[in-house]
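User: Could you take me through this structure? I would like to begin with the surface and then move inward.

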Amino acid sequence: MSPEVALHRISPELRPLLCSVVRNGRVGLDSTNCLRVTDLKTGCTSLTPGPCCDRFKLHIPYAGETLKWDIIFNARYPELPPDFIFGEDAEFLPEPSELPHLVQWDAGNPECLLQLVKELIQQYHHYQCQRLRESSRLLFEYDSLLEDPDYGHNMEIYAGRKNSWTGEFSARFLLKLPVDFSNIPVYLLKDTALDPGEDVALLSVSFEDAEATQVFPKLYLSPSIEHALGGSSALHIPAFPSGGCLIDYVPQVCQLLTNKVQYVIQGYHKRREYIAAFLSHFGMGVVEYDAEGFTKLTLLLMWKDFCFLVHVDLPLYFPRDQPTLTFQSVYHFTNSGQLYSQVQKSYPYSPRWDGNEMAKRAKNPFK
Amino acid sequence: MAASISGYTFSSVCYHSANSNSDHEGFLLGEVRQEETVSISDTQISTAELLQVVEIHNHDPCAQLFSFYDYAGKVSEENLNSILKDRRKNVIGWYRFRRNTQQQMSFREQIIHKQLTQLLGVPDLVFLLFSFISTANSSTHALEYVLFRPNRRYNQRITLTIPNLGNTSQQEYKVSSVPNTSLNYAKVIKEHGAEFFDKDGVMKDIRTIFQVYSALQDKVQAVCAEVEQSERVKEKIQEDVNKLKQQIALRKRKTEEEERKLCEAQNADSHSTPEENTEPSEASLLSRITFHTPSAPERSRIMFHTPSAPERPSTSPNPPSYADLLTQDDSLPSSSSSPPTSAALLPRPQAVGSPGHPTPGPLGMGLGLGLSLGLSASSNPVTTPSTPYLGNGDGSSSDSLDRQAAGQEDDDDDDDDDEDEDSSEYENLVSEATHLPMVTASVLAQGRPAALSPDGDARGSQTT
């Protein structure tokens with residue numbers, strides 16, 4: 001159900017509350033998506049003319065799961081605070097005193113419901129951490145992470161249901177990695193169609209059993225970061241070492257990611273440098289170049305009255321990866337009607353050269 | 001654990017709920033009792049099953065939401081008391097109605113339930129959840145109800161039975177044990193209950209029927225006793241009769257012999273006057289078989305001696321009925337009105353054993369005679385004709401007549417007891433007749449009737 005439909009059907013007095021939830025509601029670590037609302041129903045008699053819906057299901061992402069909580073208002077008494085049914089978590093019973101926005105419910109404040117949901121999520125988190133106590137191993141993991149200031153406060157734990165047949169206990173840790181993405185050039189992040197939201201990298205580690213013998217880590221990046229880093233295939237995180245623990249593994253992953261980011265940033269600068277050097281060397285021959293990402297450069301060169309185009313494609317991980325040179329004839333066509341071109345990859349190249357050096361050395365292959 | 005709710009309470013809750021335009025809640029009043037079932041079978045030692053039964057008698061709807069708790073779900077005892085007042089001790093649970101929601105206790109409901117359990121002091125407080133589901137096009141509406149006992153860890157849902165809600169075409173209409181606690185009902189029953197119930201709370205009809213039964217039993221027993229008595233008397237009299245017969249025969253033989261001798265002698269001389277033999281015998285007979293009925297103060301205790309033996313005729317060819325002989329005048333005591341049997345004295349509902357049986361004719365021997373005399377004498381109030389003696393003259397009894405007569409006499413007696421029209425006379429007769437059974441032997445022994453004419457006049461003054 002799209003937010004607009006939900007807002008249309010809900011009782012007018014409750015509309016502001018729901019508005020802030022569906023439009024601005026981001027709860028928890030994974031805030032790429034807003035909270036979703038489904039199953040709008042009414043508590044009034046069926047003869048009441050609409051819109052009069054006052055109860056709905058709220059989908060909240062948490063620790064890799066989606067919590068489906070029922071929120072129950074009364075359209076006839078919109079000033080009253082809502083009631084909740086916590087879906088399958090029948091044992092989750094937060095202490096009302098820990099929910100200030102419930103105790104001092106203010107129906108006139110549009111943010112009240114959203115704040116209340118956030119407080120509930122917090123309580124839910126505590127509840128799940130309590131459940132970790134059933135496994136000492138996982139509890140240890142949790143406690144050790146908690147002590148680390150980098151990770152301790154950006155953690156969501158989901159202690160799964162015990163498998164009733166085998167008595168297994170499982171848990172999932174969702175950690176927000178403290179990687180600085182701010183230096184990533186803006187152009188890299190611009191390509192995503194939707195509002196990318198906050199740039200975040202989340203590491204999800206699933207423990208399928210209490211003894212941590214089956215551990216499945218997964219890295220989630222917000223779309224723009226993923227794009228900036230070269231797509232989902234570019235990032236491979238190491239497997240969780242058996243017998244290892246999170247407090248060692250997580251920094252490892254963090255470091256890896258940080259390195260990657262650094263590399264990307266560096267690459268950007270290097271490319272810029274490269275292009276700048278080429279520009280200075282082949283200034284008159286430059287047809288066009290990518291002035292934002294510095295990924296492409298096209299030169300029109302003449303050698304002994306033979307004009308040709310050179311397209312230089314700079315890869316993402318330049319200077320580690322060698323740029324691709326594509327020579328293109330301006331005179332001849334191939335059978336398929338394209339300009340004749342020849343790709344040249346193997347030419348003397350070394351990543352250690354700086355831009356000037358590369359430009360100079362590039363003249364040779366051009367000849 | 002089982003739970004039941006009466007149909008009218010359930011429908012009342014549904015009515016309140018369906019008519020509210022929002023969620024609705026209230027309290028359930030009733031009682032919890034323990035039922036122990038002991039089952040014994042051949043294969044195992046007796047096992048006792050303990051079943052807790054929750055009965056919901058009534059409900060107390062709350063006028064609005066949040067009436068006894070605040071936003072945080074904290075229950076206010078003051079408000080609770082002002083809502084429940086003196087019904088607080090009857091609370092066994094509470095209920096909530098919400099439309100289009102899951103059948104699961106919500107966050108606030110759980111918090112409230114915990115507090116209510118503590119405040120009301122009911123360890124197994126139940127929670128009845130109604131949810132009303134409507135389809136999108138409002139074509140189908142379903143009212144679902146679940147009874148929870150959230151204070152238990154397992155088996156939190158209990159089935160709620162509503163007696164007589166279901167397919168009653170194949171079952172009988174059940175009377176449930178849920179009592180009706182309506183005040184108006186109790187008032188009406190109290191007012192009009194006295195017409196149906198006596199002071200012990202037992203229905204009067206039952207008691208009356210039981211009384212009839214007892215009366216009949218007693219009568220039967222009395223009749224048995226009387227039958228026995230009269231059989232004995234009959235035996236005795238039969239013996240006497242036989243003896244007398246023998247004597248008569250002997251005398252006859254003697255007289256014949258004497259006559260023969262006389263004849264022979266007279267034949268030599270002349271004829272002598274013949275005697276009448278039978279009469280003296282008769283007289284003596286009669287003189288013996290009169291009864292002397294002393295006055296008896298208790299007429300109520302008379303064993304009514306039914307002359308099971310018929311009136312015993314003498315062996316004379318014209319046997320005077322004893323009734324004839326003894327049928328008499330007023331001085332003759334006879335029980336006109338028969339006192340009631342010595343069995344349990346019972347009130348006399350007219351409906352039971354209506355009188356109107358014809359009085360039997362003069363029946364029975366000495367003992368029965370008086371009574372029968374009385375009967376025949378008192379037949380007037382009953383306006384039944386006195387049946388003439390129908391014995392077959394040889395001392396045998398016609399059973400049917402006797403029995404019928406016996407019964408009739410009983411009824412007559414009973415009836416006559418009440419209908420003492422010829423009161424004084426009959427009372428005398430009755431009172432004197434009470435000792436009839438006892439004085440059998442003495443009567444026979446005494447041989448002097450009080451006022452019995454030893455001749456055939458008695459026959460003349462038979463039944464009135």
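**Surface, core and salt bridges**

Analyst: A:Val287, A:Leu300, A:Phe306, A:Val330 and A:Tyr331 make up a nonpolar patch on the surface, and together they have about 410 Å² of accessible area. This is a predicted model, in which local features need pLDDT of at least 70 and side-chain atom pairs count only at pLDDT 80 or more, while totals for chains, interfaces and linings use all residues. Residues are numbered from 1 along each chain as its sequence is written, chains are lettered from A and ligands numbered from 1 in the order in which they are written, and side-chain values use heavy atoms, with hydrogens and water left out.

User: What counts as a patch, and how are the areas obtained?

Analyst: A patch consists of residues with over 30% relative accessible area and no salt bridge; like charges are joined within 9 Å, and nonpolar side chains (Val, Leu, Ile, Met, Phe, Trp, Tyr) within 5 Å. Accessible areas come from the Shrake-Rupley method with a 1.4 Å probe, and for residues only the protein chains shown count as cover.

User: Where is A:Leu300 found, and why does it count as partly exposed?

Analyst: A:Leu300 is in strand β10 (residues 296–303) of chain A; helices (H or I, at least four residues) and strands (E, at least two) are DSSP runs, numbered from the N terminus. A:Leu300 is partly exposed because its relative accessible area is 40%, given that buried means under 20%, exposed over 50% and partly exposed in between (1.4 Å probe, protein chains only).

User: Which residues gather in a patch of negative charge?

Analyst: B:Glu256, B:Glu257, B:Glu258 and B:Glu259 do so on the surface. Asp and Glu count as negative and Lys and Arg as positive, whereas His and the chain ends are not counted; a charge is placed at NZ of Lys, CZ of Arg, CG of Asp or CD of Glu. B:Glu258 belongs to helix α5 (residues 204–268) of chain B and is partly exposed, at 47% relative accessibility.

User: Now the interior. Which residues touch the most other members of the largest nonpolar core?

Analyst: They are A:Phe56, A:Leu58, A:Ile60 and A:Trp69, in a core of 44 residues. Such a core is a set of buried Ala, Val, Leu, Ile, Met, Phe, Trp, Tyr and Cys residues joined through side-chain atoms within 4.5 Å.

User: Which element gives the largest share of this core?

Analyst: α4(A) does, with nine residues.

User: How many salt bridges are there over all chains?

Analyst: There are 16, a salt bridge being a side-chain nitrogen of Lys or Arg within 4 Å of a carboxyl oxygen of Asp or Glu. One of them pairs A:Arg55 with B:Asp23, with 3.0 Å between the closest N and O atoms. This pair joins two chains, because A:Arg55 lies in strand β2 of chain A and B:Asp23 in the loop between α1 (7–18) and β2 (24–41) of chain B.

User: Are A:Arg55 and B:Asp23 buried or exposed?

Analyst: Both A:Arg55 and B:Asp23 are buried.

User: What about B:Glu109 and B:Arg98?

Analyst: Their side chains form a salt bridge with an N to O distance of 2.9 Å. B:Glu109 is in helix α3 of chain B and B:Arg98 in strand β4 (residues 91–99) of chain B, so the bridge ties together parts eleven residues apart in sequence. B:Glu109 and B:Arg98 are both buried.

User: And B:Asp124 with B:Arg152?

Analyst: Those side chains meet in a salt bridge of 2.6 Å, N to O. B:Asp124 is buried, with a relative accessible area of 13%, whereas B:Arg152 is partly exposed at 33%.
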